[in-house]
Amino acid sequence: MIIQYLKPDEKNRTKILWEEVFNTDTKQFVEYYYKNKVRDNEILVMEKNNTIISMLQLNPYTLSLNDRILDVFYLVGVATQKEERKKGYMRLLLEKTLRDLSEKGHALIYLMPADEKIYTPFDFNFIYNQVRIDGVDIDYSSESNFFMKKATLEDANSLSNFANKIISIKYGVYMCRDERYYLNLIEEAVASNGNVYMCFKDNELVGIFTLEMEDENTVYIIEPICQMEIYKTFLSSIILMNKSKNYNIKILGADPLDFRNVELKPIIMGRILNLEVFLDGICSKDPLELCISITDKIIRENDGTFVWSINRNCSTISRLGKNVLQAAEIINTVDLAISIRDLTAWLMGYISVDELYISKKIACSKDILDILKNIITYNKVFINEIV
């Protein structure tokens, strides 16, 4: 058995395994993916007799984490040949990936799970709920004077400038969108039987969205982005554009506002990799210092007892001991005991420290609990990328 990262000219060798495992992907989408995404990514594989039997792929993105710009990887293409499953091969690949990325100083890794149970043992936790709205819940009775057009590759820079401006106002954690981002997204939408659309009013760009056909009856409107004051009118115009064709319309990655039936769908899981880098952006209303015990079964640098110093701008962490203390000792000598999995969900703003305390996922006193509420976490996550 050989475990290795593939060289650029070797990456297409994984295409056979991709098509075998992800057999619902269309030929058009697979061709798009191996042309546009694989050229920039990292692929870790396990080989047996010169055949790739297991792989995972790491697609690079630039993440804005409360105004900190970080390079992160989106974990995709997690696949093993059917006859080679349940032998622990993927565990070896995942654990190596997590350790390698932590050592390189990456703060966070994220993914969209087909099944969350696969990733929970590796300390991934949900960090983002996607807002989903049924098109029938939107009032589309009023006419609007918006003009819609399909975006072309020449529009990528305009799309990038518009999206970053709007998203940075509304959200704290999101993928930065440069021209290359939208060049890829336009081709991805076409490969998914759809298009990226631009919405104009009085010749000014006021909104963008992606439309994809799930099947002949269902349309997905993905990430409708516009100024909040025109949001409902914007959505109404999109519905009107498609309603005459009697499509079942679903809006994904929307703003909840006051629509009647809003679904919050957990779709993105994440995991802290390099604790020091991740915590740098965490701050507090008042300076404080805590003794914190963290359990991380995979990345040993995150596992142990630390002094966590937090001020109004950032935080730092320094190790006290090599091993997590026993339960009885934790209560007496440590301010907070928490797993890396629950630390990820809390500090990404997905779950409150009160919820963790009530569910007994952290160990701390009530006095410390009150102090923890002063910590300002990352929040307002907006991650809807597919690959």
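Helices are DSSP runs of H or I with at least four residues, numbered from the N terminus. The exercises below concern a predicted model.

**Exercise 1. State how far helix 10 is covered, and find where a positive phi follows it.**

Step 1. Helix 10 spans residues 340-347.
Step 2. A residue counts as buried under 20% relative accessible area. By that cut-off, Ile340, Arg341, Asp342, Leu343, Thr344, Ala345, Trp346 and Leu347 are buried.
Step 3. That makes eight of eight residues, and helix 10 is mostly covered.
Step 4. Just after helix 10 comes glycine 349, with a positive phi of about 80°.

**Exercise 2. For asparagine 193 and glutamate 223, give phi, the element or loop, and the burial state.**

Step 1. Asparagine 193 has a phi near 60°, a positive value in a residue other than glycine. Glutamate 223, also not a glycine, has a positive phi near 50°.
Step 2. The loop between helix 6 and strand 9 holds asparagine 193, while glutamate 223 belongs to strand 11.
Step 3. The exposed class begins over 50% relative accessible area. Asparagine 193 has 51% and is therefore exposed. Glutamate 223 has 9% and is therefore buried.

**Exercise 3. Describe the pairing of strand 9 with strand 7 and strand 10, and its burial.**

Step 1. Strand 7 (residues 147-150) pairs with strand 9 in the antiparallel sense, over four bridges. Within this pairing, methionine 148 stands opposite cysteine 199 of strand 9.
Step 2. Strand 10 is also antiparallel to strand 9, and eight bridges join them. Asparagine 195 has leucine 211, in strand 10, as its bridge partner.
Step 3. The hairpin of strand 9 and strand 10 has two residues between the strands, and aspartate 202 in this hairpin takes a positive phi near 55°.
Step 4. Seven of the eight residues of strand 9 are buried, so strand 9 is largely enclosed by the rest of the structure.

**Exercise 4. Characterise the second largest pocket by volume, lining elements and residue classes.**

Step 1. The volume of the second largest pocket is about 520 Å³. Its lining has 31 residues, of which Lys37, Tyr61, Tyr181, Asn184 and Glu385 are the closest to the centre.
Step 2. At least two lining residues each come from strand 3 (51-65), strand 4 (68-80), helix 6 (179-191), strand 10 (204-213) and strand 11 (218-226).
Step 3. Helix 6 has the largest share of this lining, at six residues.
Step 4. By class, the lining of the second largest pocket holds 15 nonpolar, seven polar and nine charged residues.

**Exercise 5. Which residues line the largest cavity, and which element gives the most of them?**

Step 1. Searching the whole structure for cavities of 30 Å³ or more yields one. The largest cavity contains about 40 Å³ of space.
Step 2. Its lining consists of Ile166, Ile167, Lys170, Tyr171, Pro224, Ile225, Gly253, Asp255 and Phe382.
Step 3. Helix 5 (156-170) and strand 11 are the elements that give two or more residues to this lining. Helix 5 gives the most, with three.
Step 4. The lining of the largest cavity divides into six nonpolar residues, one polar and two charged.
Step 5. Strand 11 thus appears in two linings: that of the second largest pocket and that of the largest cavity.

Methods:
Residues are numbered from 1 along each chain as its sequence is written. This is a predicted model: local features need pLDDT of at least 70, side-chain atom pairs count only at pLDDT 80 or more; totals for chains, interfaces and linings use all residues. Side-chain values use heavy atoms; hydrogens and water are left out. On a 1 Å grid over the protein atoms alone, a cavity is a set of points where a 1.4 Å probe fits but cannot get out, and a pocket is an open set with protein on both sides within 12 Å along at least five of seven lines; lining residues have an atom within 4 Å of a point. Grid points are joined across faces, edges and corners, and a volume is the space filled by probe spheres set on the points. Ala, Val, Leu, Ile, Met, Phe, Trp, Tyr, Cys and Pro count as nonpolar, Asp, Glu, Lys and Arg as charged, and the others, Gly among them, as polar. Buried means under 20% relative accessible area, exposed over 50%, partly exposed in between (1.4 Å probe, protein chains only). Two strands pair if DSSP finds at least two bridges between them.
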